[in-house]
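Here is a short tour of one chain, going from its overall layout to its helix, its core and one loop residue. Have the coordinates open as you read.

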Amino acid sequence: MKEKNKKEKPVPKKCVCGKGGIIVKSRFGKMVTCPDPLKCSANLRTMWNSHEESAIVEWNGLVDSYAFRNKT
């Protein structure tokens, strides 16, 4: 029998403040945000997405782009 390769679920990267991104689920959809927005310098969060995987991919892109833009 052939075995299908299962795609691994994407994992949210750590925010620029060093804390791991959290997934917020609501009737609007799913989003990923920083767990401590008051102390985070970037206060990053994604838009509402219909799928958790797309929210995580958007979050990872936000973290990467913010870190690249503010690299000194």
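## Layout of the chain

From the N terminus on, this predicted model runs β-β-α, with 2 strands and 1 helix in the chain. The radius of gyration is 14 Å, well over the 11 Å that the globule rule gives for 72 residues, so the chain is more spread out than a compact globule. Its C-alpha trace spans about 50 × 35 × 15 Å along the principal axes.

Burial and contacts can be put into numbers too. Of the 72 residues, 26% count as buried. Among contacts with a separation of 6 or more, 37% link residues 24 or more positions apart. The chain exposes about 5,900 Å², and carbon and sulfur atoms supply 54% of that area.

## The helix and its two sides

Helix H1 covers residues 52-69. At 1.5 Å a residue, its 18 residues should span 26 Å, and the end C-alpha atoms are indeed 26 Å apart, so the two values agree.

Which residues of H1 are buried? They are Glu52, Ala55, Ile56, Trp59, Asn60 and Val63. Seen down the axis of H1, the buried residues fall within an arc of 135°, so they line one face of the helix. The spacing has a simple background: an α-helix has 3.6 residues a turn, so residues three or four places apart point the same way.

Strand E1 (22-26) and strand E2 (29-33) are included in what covers the buried residues of H1. On the face turned away from that buried side, H1 carries the exposed residues Val57, Phe68 and Arg69.

## The nonpolar core

The largest nonpolar core has 10 residues in all: Cys15, Val32, Cys34, Cys40, Ala42, Leu44, Ala55, Ile56, Trp59 and Val63. Helix H1 gives the largest share of this core, 4 residues.

Leu44 is a good member to click on. Leaving aside neighbours within four places in sequence, Leu44 is in contact with Thr33, Cys34, Trp59, Leu62, Val63 and Tyr66. Of these partners, Cys34, Trp59 and Val63 are also listed in the core.

## A loop residue with positive phi

Where does Asn43 lie? Asn43 is in the loop between E2 and H1. Although Asn43 is not a glycine, its phi is positive, at about 50°. Its relative accessibility is 43%; because exposed means over 50% and buried under 20%, Asn43 counts as partly exposed.

Technical notes
Residues numbered from 1 in each chain as written. Predicted model: local features only at pLDDT ≥ 70, side-chain atom pairs only at ≥ 80, totals over all residues. Heavy atoms only, no water. Core = buried A, V, L, I, M, F, W, Y, C linked by side-chain atoms within 4.5 Å. Buried < 20%, exposed > 50% of the residue type's maximum accessible area, 1.4 Å probe, protein only. Contact = heavy atoms within 4.5 Å. Expected span 1.5 Å × (residues − 1). Arc of directions from axis to C-beta. Rg over C-alpha atoms; globule rule 2.2 N^0.38 Å. Areas by Shrake-Rupley, 256 points an atom, 1.4 Å probe, with all protein chains shown as cover.
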